[in-house]
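Me: Here's a structure I've just pulled up. Please take a close look at the surroundings of the ligand and tell me how that part sits in the whole thing.

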Amino acid sequence: IPKEFHEALPILQKIEAAGYEAYFVGGSVRDTILKRPIHDVDIATSAYPSEVKSLFKRTVDTGIEHGTVMILDHGTGYEVTTFRTESGYQDYRRPDKVTFVRSLKEDLKRRDFTINALALAEDGQITDLFGGLADIRKKIIRAVGDPNERFNEDALRMMRAVRFASQLDFRIEDATMAGIKKHSALLEKIAVERSHTEFVKMMLGVDAENGLNIMLETNLYQHVPVLKDYLPQLQEIVASKFHLTNEAQVWSLLAFKFGFSAKQISSFLKKWKTANKIINDVILTTELLFSIAKHDVSNADLYHAGAANVDNAVIVTADQAKTAGLQERYNNLPIKNKKQLRITGGDLIKRGVLKPSPQLGKVLDYLEHSVVAGKILNQPENLVNAAINFLNED
Ligand code: ATP
Ligand code: MG
């Protein structure tokens, strides 16, 4: 039993001592059985939210309308959710009504896949009503109950199935797969942010090529932003080997294969509601990927991309022969940013090289580029002389 559960045991015990049931549920139970590291420990209980709150000193109402109360315990937060059923799914998204119930069985029934519908009790007993343990053993993602009904209730579950297949290296069971094929178009009803999260997790999974392939096979790719126009490129990605480690790499791989300019990347990723910081990194990484593909990477390209995006481009390229020495070349650049120039605009003015004017920015840009290209040494005297020559030529 992992230490995360061990540390949370007093919480289960306290709820049980008050006469309620409490279990560990969800991903942490699944991942423990798979011997994977667990992140958050979720607890399900027969106690109602007000009852949970009355038992603990420090709680936060993180999702009280859905029955979730966070218990703060020595710096760790535990989400404790009352057993519930869901009803009134409208627009194929989250239910608009949850009903609290006292039965574990009812709560497990509303969960998405058998592998996610296991409950672990304080004494180590596992409640497995839908064959989740056997499916873990067989490495199968299977909807709880009728897949058609379940995907109709909440279309995001289709993307979750693909995400788990990739993360866990599991197969999607036939009826569940057929349900996804049949209902793929319902994904358009889901907020892009939610598909985004699952798509990125899928692309970062150990078996992402397979996850992406399932999106093609089931037509899910036609119901997320932009991908439907790039089937041949997506097939090429499926056939390649890639092992990505962050979100910027995911989008850069796609943007590179799609042949996107900075402007196209921006429009592509805005449709996916991607954070601006990530969009910026993707543009820089993709530009570098094009230079790498042309075997024409200048120091200016590396400087412009920055350390993190040089690393991103190396990982996305996934070909040591093409990227050999790039990181070392980056590390050996004379400067990594403008602030490292050993002269400032103020210095140039003080030394009488020029007066405050719009020219100043141009001179500093010239010095920056010349130092990066190795044409001028980053020493105050060299920089001043170079500035004077530049102004004379101009
Ligand atoms: P992760 O390791 O990524 O956190 P997880 O299985 O814990 O995976 P969560 O999104 O944290 O996934 O959800 C916790 C649990 O809640 C799931 O294991 C599942 O039982 C249930 N669940 C989450 N989302 C859905 C959904 N859309 N439909 C049905 N059940 C869901
Ligand atoms: Mg979780």
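Reply: Let's call two residues in contact if their C-beta atoms, placed from the backbone, lie within 7 Å. Counting that way, and keeping to contacts with a separation of 6 or more, 62% in this protein join residues 24 or more positions apart. Keep in mind that this is a predicted model.

Now to your ligand. Around ligand 1 you'll find Gly26, Gly27, Asp42, Arg111, Asp112, Asn116, Ala117, Asp154, Leu156 and Arg157. Sorted by class, that shell has five charged, three polar and two nonpolar residues. Domain 1 (1-138) and domain 2 (139-240) each supply at least three residues to the shell.

How does this fit with the records? In UniProt, an unreviewed entry puts a "binding site" feature at Gly27, Arg30, Arg111, Asp154, Arg157, Arg160 and Arg163. Gly27, Arg111, Asp154 and Arg157 are among the residues around ligand 1 as well. The unreviewed entry also carries the annotation "domain: Poly A polymerase head" for residues 22-142. That span is 38% strand and 22% helix, and its end C-alpha atoms are 25 Å apart.

Two of the annotated residues are worth zooming in on. Gly27 belongs to helix H2 (residues 27-33). It has 17 other C-beta atoms within 10 Å, so it counts as partly exposed. Arg157 is part of helix H7 (residues 156-168). This arginine is buried, because it has 26 C-beta neighbours inside 10 Å and the cut-off for buried is 20 or more. Leaving aside residues up to four places away in sequence, Arg157 touches Asp112, Arg150 and Phe151; of these, Asp112 is also in the ligand shell.

Stepping back, the protein is assigned domain 1 (1-138), domain 2 (139-240), domain 3 (246-333) and domain 4 (340-393). What about domain 3 and domain 4? Their centres, taken over C-alpha atoms, are 29 Å apart. Four residues of domain 3 contact four residues of domain 4. On the domain 3 side of that contact, three residues are nonpolar, one is polar and none is charged.

As for the whole protein, it has 21 helices and eleven strands. Its radius of gyration is 27 Å, well over the 21 Å from the globule rule for 394 residues, so the protein is more spread out than a compact globule. Along the principal axes, the C-alpha atoms fill a box of roughly 85 × 50 × 35 Å. Of the 394 residues, 39% are buried.

Note on methods:
Residues are numbered from 1 along each chain as its sequence is written. Chains are lettered from A and ligands numbered from 1 in the order in which they are written. This is a predicted model: local features need pLDDT of at least 70, side-chain atom pairs count only at pLDDT 80 or more; totals for chains, interfaces and linings use all residues. A residue is near a molecule or strand if its C-beta atom, placed from the backbone, lies within 6 Å of it. Ala, Val, Leu, Ile, Met, Phe, Trp, Tyr, Cys and Pro count as nonpolar, Asp, Glu, Lys and Arg as charged, and the others, Gly among them, as polar. Domain bounds come from an automatic or database domain assignment. UniProt positions are given in the numbering used here, feature names are shortened, and annotations may be inferred rather than shown by experiment. Helices (H or I, at least four residues) and strands (E, at least two) are DSSP runs, numbered from the N terminus. A residue is buried if 20 or more other C-beta atoms lie within 10 Å of its own, exposed if 12 or fewer, and partly exposed in between; C-beta atoms are placed from the backbone. The radius of gyration is taken over C-alpha atoms; the globule rule is 2.2 Å times the number of residues to the power 0.38.
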